[in-house]
Amino acid sequence: MTCRARTSAFIAALLLALLIALPIAAQAGGFTLQPIQPAVNAGASITFIGTGFIRGERVVTWATAPDQAVIGGDYAGANGDEGRIEVAFKIPASAIGGRWSMTAYGLQSKTPVVAAFDVIGRSPTSATSQAAVAPPSGPPGTTFAFAAFGYHDKEKVSYWFTGPDGKVYQAYPRGARTNHDGRVDINWTAPQDAPTGAWVVTIQGLESNIARGVPFEIR
């Protein structure tokens, strides 16, 4: 197993542990996360600067690709009175092009902060989708059907829903199981009081540590 694979697996396992013990994780005002450049070539590195974290806390990071694959990043330490972090992420050489996102999560502040960036890589049409949602958007009360692929045969998965305000609204640490083809199907009805905007459901295999982030919209 490569260093990157070990790091990704460790972070995925850590995220699951955090999920099980997670209270509501609100994205509070004053947190920032920005790439030092808006776009980067596949195979290159991109650096992110964040502020607002608790001084001295450790911050875990992960990137989400356009095909919903989640890739673990490095740790960062928050420094100074402004809780500043600086973290670099190496884009895979075979990365697909399009809009990516980087998430930084403070282990003490329990706050996810997300930054978007673009990758110049291979055509998205050459990539096999790792997840899907139907419908892609709907009002509160809509039942969304999610499918995610590439897990182990009959593997248990956890999943959780993050709203546009950064809060984890519902979490299911052992909420579903894949079929023999490594596919999992999940139906979820959005609460009537769900905030409108961009949501993400994260689906993670408990054995494989494979994670998919599926965006959808409540409007």
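**Notebook: charges, odd backbone angles and a buried strand**

I started at Arg183, which comes out partly exposed, with a relative accessible area of 33%. This is a predicted model, so I only trust local features where pLDDT is at least 70. The side chain of Arg183 meets that of Asp185 in a salt bridge, 2.8 Å from N to O. Asp185 is partly exposed too, because its relative accessibility is 46%.

**Entry: other salt bridges**

How many salt bridges does a search of the whole structure find? I got four. Background for my own use: side chains of opposite charge can pair when their charged atoms come close.

I looked up Arg55 and Asp81 next, and their side chains form a salt bridge at 3.0 Å, N to O. Arg55 sits in the loop between E3 and E4, and Asp81 in the loop between strand E6 (76-77) and strand E7 (85-90), so the pair ties together parts that are 26 residues apart in sequence. Are the two partners buried or exposed? Arg55 is exposed, with a relative accessible area of 59%, and Asp81 counts as exposed at 76%.

Then I checked Arg84 and Glu86, whose side chains meet in a salt bridge at 3.4 Å, N to O. Arg84 counts as partly exposed because its relative accessibility is 32%.

**Entry: Glu57**

I went back to the E3-E4 loop for an acid. Glu57 lies between strand E3 (45-51) and strand E4 (58-64). At 3% relative accessibility, Glu57 counts as buried, since the cut-off is under 20%. What does the side chain of Glu57 reach? One partner is the backbone nitrogen of Ile54, at 2.8 Å. The backbone nitrogen of Gln108 also lies 2.8 Å from a polar side-chain atom of Glu57.

**Entry: positive patch and Lys154**

I looked for surface charge and found a positive patch formed by Lys154, Lys156, Arg174 and Arg177. Lys154 is in the loop between strand E12 (143-148) and strand E13 (156-162). Its relative accessibility is 37%, so Lys154 counts as partly exposed.

Lys154 turned up again when I scanned the backbone: its phi is positive, about 55°, although it is not a glycine.

**Entry: more backbone oddities**

Reminder to self: most residues other than glycine have a negative phi, and most peptide bonds are trans.

Asn209 went on the list with a positive phi near 65°. I placed Asn209 in the loop between E16 and strand E17 (211-218). Asn209 is partly exposed, with a relative accessible area of 23%.

Which peptide bond is cis? I noted the one from Ala134 to Pro135, with omega near -5°. Pro135 is in the loop between strand E10 (131-134) and strand E11 (137-138).

**Entry: strand E16**

Last, I looked at two residues of E16. Ile203 belongs to this strand, which covers residues 197-205. Ile203 is buried, with a relative accessible area of 0%. I paired Ile203 with Val70: they are 133 residues apart along the chain, and their C-alpha atoms are separated by 9.7 Å.

Val201 is in strand E16 as well. Val201 counts as buried because its relative accessible area is 1%. For Val201 and Phe146 I wrote down 8.7 Å, C-alpha to C-alpha, with their positions 55 residues apart in sequence.

Key
Residues numbered from 1 in each chain as written. Predicted model: local features only at pLDDT ≥ 70, side-chain atom pairs only at ≥ 80, totals over all residues. Heavy atoms only, no water. Patch = residues over 30% accessible without salt bridge, like charges linked within 9 Å, V, L, I, M, F, W, Y side chains within 5 Å. Areas by Shrake-Rupley, 256 points an atom, 1.4 Å probe, with all protein chains shown as cover. Lys, Arg positive; Asp, Glu negative; His and termini not counted. Charge placed at Lys NZ, Arg CZ, Asp CG, Glu CD. Helix = DSSP H or I, 4+ residues; strand = E, 2+ residues; numbered from the N terminus. Buried < 20%, exposed > 50% of the residue type's maximum accessible area, 1.4 Å probe, protein only. Polar contact = N/O pair within 3.5 Å; in protein donor to acceptor, adjacent residues only side chain to side chain.
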